[in-house]
Amino acid sequence: MLVPVLAIAGLTGWMMASSPSSARSQSAIPAASSAVVASTDKTSLVDPTPDPAEQQSVPAESAPPQPEPGQQAVTPETSPLDGLKIASQAWRRGGLGSKALVTFTLRNNNDYAVKDIEIACAFARRDGSHLTDRTRVIRDTVNMKSRKTFARMLVGFVNVNASKAKCSLVTASRA
C-alpha cells in the first residue's frame with residue numbers, strides 16, 4: 001500500500017524537476033548563447049547570468065560582408081506582391097443570396113509573370129461592422145506588365161446581412 005503512494009510522489013517530483021515541455025521551450029526569439037536564457041518558468045535549471053568568457057564582442061559599426069572576388073553581389077528579391085495590385089473590384093450575391101461572387105481586375109507591374117494569387121475578402125454590414133472573411137487562391141497566371149479581369153469569381157458563402165466587401169492581396173508567387 002505504501003509503494004503506490006511513493007511511486008506517485010516520485011513521479012510527481014520527477015515531472016516538476018524535468019525541463020519544460022517542448023511547446024514552452026521553443027521560443028520565437030533566438031538565443032545568442034546557450035547560457036543566456038530568458039525564461040519566466042521557475043523550473044528552469046539554467047543560470048540566467050551570462051558568462052563573460054562565452055560572450056562575444058561585436059563591434060558597434062560592423063560593415064556588411066563584402067562578396068569575395070569571383071562572386072556576384074546578391075541583391076534581395078522583391079515580393080511578387082510589390083508590383084501586383086487590385087485595380088478595381090465589385091461583388092454581388094449568387095446562389096439564392098448566400099454566395100459571394102467577386103469581380104476584380106489584377107494589375108501586374110512586375111517584370112515577371114505571377115501565379116497562385118491568394119485574395120482575402122472582408123464582408124461588413126451596412127454600418128461598417130465586420131461580419132466575415134473569406135479567402136480564395138487563384139491558380140491562373142497574370143503576365144508581366146499586364147492586367148487581367150476575373151468575373152464573378154466565387155469567394156465563398158457570405159452572411160445574409162453583408163452589404164460591403166473589401167478584397168486585398170495576401171500572397172503570390174513567380175510563374
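Modeller: Before we start, helices (H or I, at least four residues) and strands (E, at least two) are DSSP runs, numbered from the N terminus. Also keep in mind that this is a predicted model.

Biologist: Got it. In what order do the elements of the protein chain run from the N terminus on?

Modeller: The chain has two helices and six strands to place. Reading from the N terminus, the order is α-α-β-β-β-β-β-β.

Biologist: Which strands stand at the edges of the open sheet of three strands?

Modeller: That sheet is antiparallel and has the order 1-2-5. An edge strand has a single partner strand, so one side of it is left without a neighbour in the sheet. That description fits strand 1 and strand 5.

Biologist: And how many bridges hold strand 2 and strand 5 in their pairing?

Modeller: In general, strands of a sheet pair through backbone hydrogen bonds, either parallel or antiparallel. One spot to look at here is Lys99, which stands opposite Phe157 in strand 5. Strand 2 and strand 5 run in the antiparallel sense, and their bridges number nine.

Biologist: Let's stay on strand 2. Is Thr105 buried or exposed?

Modeller: Thr105 sits in strand 2, residues 99-108. Beyond its neighbours within four places in sequence, its contacts include Lys85, Ile86, Arg147 and Lys148. Its relative accessible area is 10%, and the cut-off for burial is under 20%, so Thr105 counts as buried.

Biologist: Now the aromatics. What kind of pair do Trp91 and Phe123 make?

Modeller: Searching the whole structure turns up two aromatic pairs. For Trp91 and Phe123, the ring centres are 5.3 Å apart and the planes are at 70 degrees. Planes over 60 degrees apart get their own label, so this pair is edge-to-face.

Biologist: How many residues apart in sequence are the parts that this pair ties together?

Modeller: Trp91 belongs to strand 1 (residues 84-94), while Phe123 belongs to strand 3 (residues 114-124). The pair therefore ties together parts whose separation in sequence is 32 residues.

Biologist: Which of the two, Trp91 or Phe123, counts as buried?

Modeller: Trp91 has 22% relative accessibility, so it counts as partly exposed. The other ring has 0% relative accessibility, so the buried one is Phe123.

Biologist: Last one: which residue lies over the face of Tyr112?

Modeller: Here a charge sits over a ring if NZ of Lys or CZ of Arg is within 6 Å of the ring centre and within 35 degrees of the ring normal. At 3.7 Å from the ring centre of Tyr112, the residue over its face is Arg174.

Terms used
Residues numbered from 1 in each chain as written. Predicted model: local features only at pLDDT ≥ 70, side-chain atom pairs only at ≥ 80, totals over all residues. Heavy atoms only, no water. Phe/Tyr/Trp six-rings, centres within 6.5 Å; stacked < 30°, edge-to-face > 60°. Buried < 20%, exposed > 50% of the residue type's maximum accessible area, 1.4 Å probe, protein only. Contact = heavy atoms within 4.5 Å. Pairing = 2+ DSSP bridges.
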